[in-house]
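Here's a quick briefing to read alongside the model. Have the sequence and the 3D view open as you go.

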Amino acid sequence: MEYINQLDNFDGPAVGGVTVEAALYEEAFAIFRKFNSNVQAVNVLLDNLRSIVRALEFAFRVEEYAGWSQVAKAQLLERLVCDAIESFIRAEDATQVLDVIRAAEDSNMYHDLERNLSMVRPKSNEPKVDSELIYAYAKIDRLGDIEEFILMPHVANRPNVRDQLYEYEAAKVIYAFISNWAKLAVTLVKLKQFQGVVDAAQKANSLKASKEVWIGCVDAEEFRLPHICGLNILVQVDDLEEVSTTRTEGALMS
């Protein structure tokens with residue numbers, strides 16, 4: 001391919017396109033590279049020569065956002081999730097964020113997902129981005145970041161997030177922040193953090209919360225707490241029947 005390097009007076013992108021049609025892929029790549037048509041060069045490496053490795057090396061060499069974006073999409077299709085996220089960050093490309101979220105969650109890569117969403121967030125007003133960022137913080141135990149996040153303007157769908165985080169410390173942080181004492185009481189039971197259950201349940205003053213706390217405490221064999229925060233459920237016959245399906249007898253005998 002020495003002749004490609006020696007010749008200059010020709011329309012590189014046009015000739016490169018012709019060589020692709022002729023299945024002369026290495027020649028096409030050399031032409032696109034010579035004329036700094038870097039996105040087309042990356043596409044030849046990915047689509048025709050089927051080499052993500054070479055495309056990645058080329059992207060590092062030219063450092064163009066569009067090139068990184070093409071590499072990232074190819075990596076994501078091949079389920080190279082960690083590598084794809086790194087490439088999307090280098091590309092500053094937020095266009096594939098929903099696919100990235102699905103792939104990262106399927107692969108349990110929440111550290112990488114948090115990095116991607118932190119890059120995407122300034123470019124997006126999508127509630128799912130903010131919601132998933134809170135969830136990612138919870139999965140990687142960054143409760144301080146959640147506390148800071150919910151104090152800032154955001155568009156997270158907090159009810160959905162709280163439901164997702166029901167058995168995580170993060171739910172406790174959010175419910176306490178918005179003074180949802182009923183949900184906080186139930187969450188504390190699920191987390192087996194019984195010390196704060198009574199206070200939250202009494203502040204909630206909710207029949208439904210009292211029933212859930214009662215059942216959760218009895219299931220956890222914490223028989224003392226239901227007497228303190230759950231006896232008011234016994235005023236309704238139907239509620240008594242529901243609670244009796246749990247191990248309530250043990251609680252009443254303790």
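Keep in mind that this is a predicted model. One pair to start with is α7 and α9, whose crossing is left-handed. The protein chain has 19 helices and 0 strands, and the notes below pick out a few of those helices and some loop residues.

**The chain as a whole**

- Of the 254 residues in the protein chain, 42% are buried.
- Take the contacts with a separation of 6 or more: 50% of them are between residues 24 or more positions apart.
- The accessible surface adds up to about 13,500 Å², and carbon and sulfur atoms own 49% of that.

**α7 against α9**

- Helix α7 covers residues 81–91 and helix α9 covers residues 110–120; their axes come within 10 Å and cross at roughly 20°.
- With a crossing angle under 35 degrees counting as roughly parallel, α7 and α9 are therefore roughly parallel to each other.
- On the α7 side, the residues that meet α9 are Cys 82, Ile 85, Glu 86, Phe 88 and Ile 89. On the α9 side, they are Asp 112, Leu 113, Arg 115, Asn 116 and Met 119.
- Sorted by type, the residues of this α7–α9 contact come out as 6 nonpolar, 1 polar and 3 charged.

**Two residues to click on in that contact**

- Ile 89 sits in helix α7. Skip its neighbours within four places in sequence, and Ile 89 is in contact with Arg 115, Asn 116 and Met 119.
- Ile 89 and Val 120 are 31 residues apart along the chain, yet their C-alpha atoms are separated by 8.4 Å.
- Asn 116 belongs to helix α9. Is Asn 116 buried or exposed? Its relative accessible area is 1%, and anything under 20% counts as buried, so Asn 116 is buried.
- Again leaving out neighbours within four places in sequence, Asn 116 is in contact with Ile 85, Phe 88, Ile 89, Val 97 and Val 100.

**How α9 is covered**

- In α9, 8 of the 11 residues are buried, so this helix is largely enclosed by the rest of the structure.
- The buried ones are Tyr 110, Asp 112, Leu 113, Glu 114, Asn 116, Leu 117, Met 119 and Val 120.
- What covers these buried residues? The cover includes α7, α8 (97–106) and α10 (127–139).

**α9 against α10**

- The axes of α9 and α10 come within 9 Å, crossing at roughly 145°, and the crossing is left-handed.
- From α9, Tyr 110, Glu 114, Leu 117, Ser 118 and Val 120 take part in the contact. They meet Val 129, Glu 132, Leu 133, Tyr 135, Ala 136, Tyr 137 and Lys 139 of α10.
- The tally for the residues of the α9–α10 contact is 8 nonpolar, 1 polar and 3 charged.

**α14 against α15**

- Further along, helix α14 (residues 181–190) packs on helix α15 (residues 197–204) at an angle of about 155°, with the axes 7 Å apart.
- An angle over 145 degrees counts as roughly antiparallel, and that makes α14 roughly antiparallel to α15.
- This crossing is left-handed.
- Trp 181, Ala 182, Leu 184, Ala 185, Leu 188 and Val 189 of α14 make the contact with Val 197, Ala 200, Ala 201, Lys 203 and Ala 204 of α15.
- By type, the residues of the α14–α15 contact are 10 nonpolar, no polar and 1 charged.

**Positive phi values, and α13**

- Asn 36 is in the loop between α3 (25–34) and α4 (38–48). Its phi is near 55°, a positive value in a residue other than glycine.
- With a relative accessible area of 59%, Asn 36 is exposed.
- Lys 192 is in the loop between α14 and α15, and its phi, near 60°, is also positive in a residue other than glycine.
- Lys 192 counts as exposed too, at 57% relative accessibility.
- Ser 179 comes just after α13 and takes a positive phi of about 60°.
- Within helix α13 itself (residues 169–177), the buried residues include Ala 170, Ala 171, Val 173, Ile 174 and Tyr 175.

Definitions and conventions: Residues numbered from 1 in each chain as written. Predicted model: local features only at pLDDT ≥ 70, side-chain atom pairs only at ≥ 80, totals over all residues. Heavy atoms only, no water. Axes fitted to C-alpha atoms, helices over the stretch in contact; angles between N-to-C directions. Helix = DSSP H or I, 4+ residues; strand = E, 2+ residues; numbered from the N terminus. Parallel < 35°, antiparallel > 145°, perpendicular 65-115°, else oblique. Left-handed = near helix turned anticlockwise from the far one by under 90°. Contact = heavy atoms within 4.5 Å. Nonpolar A, V, L, I, M, F, W, Y, C, P; charged D, E, K, R; others polar. Buried < 20%, exposed > 50% of the residue type's maximum accessible area, 1.4 Å probe, protein only. Areas by Shrake-Rupley, 256 points an atom, 1.4 Å probe, with all protein chains shown as cover.
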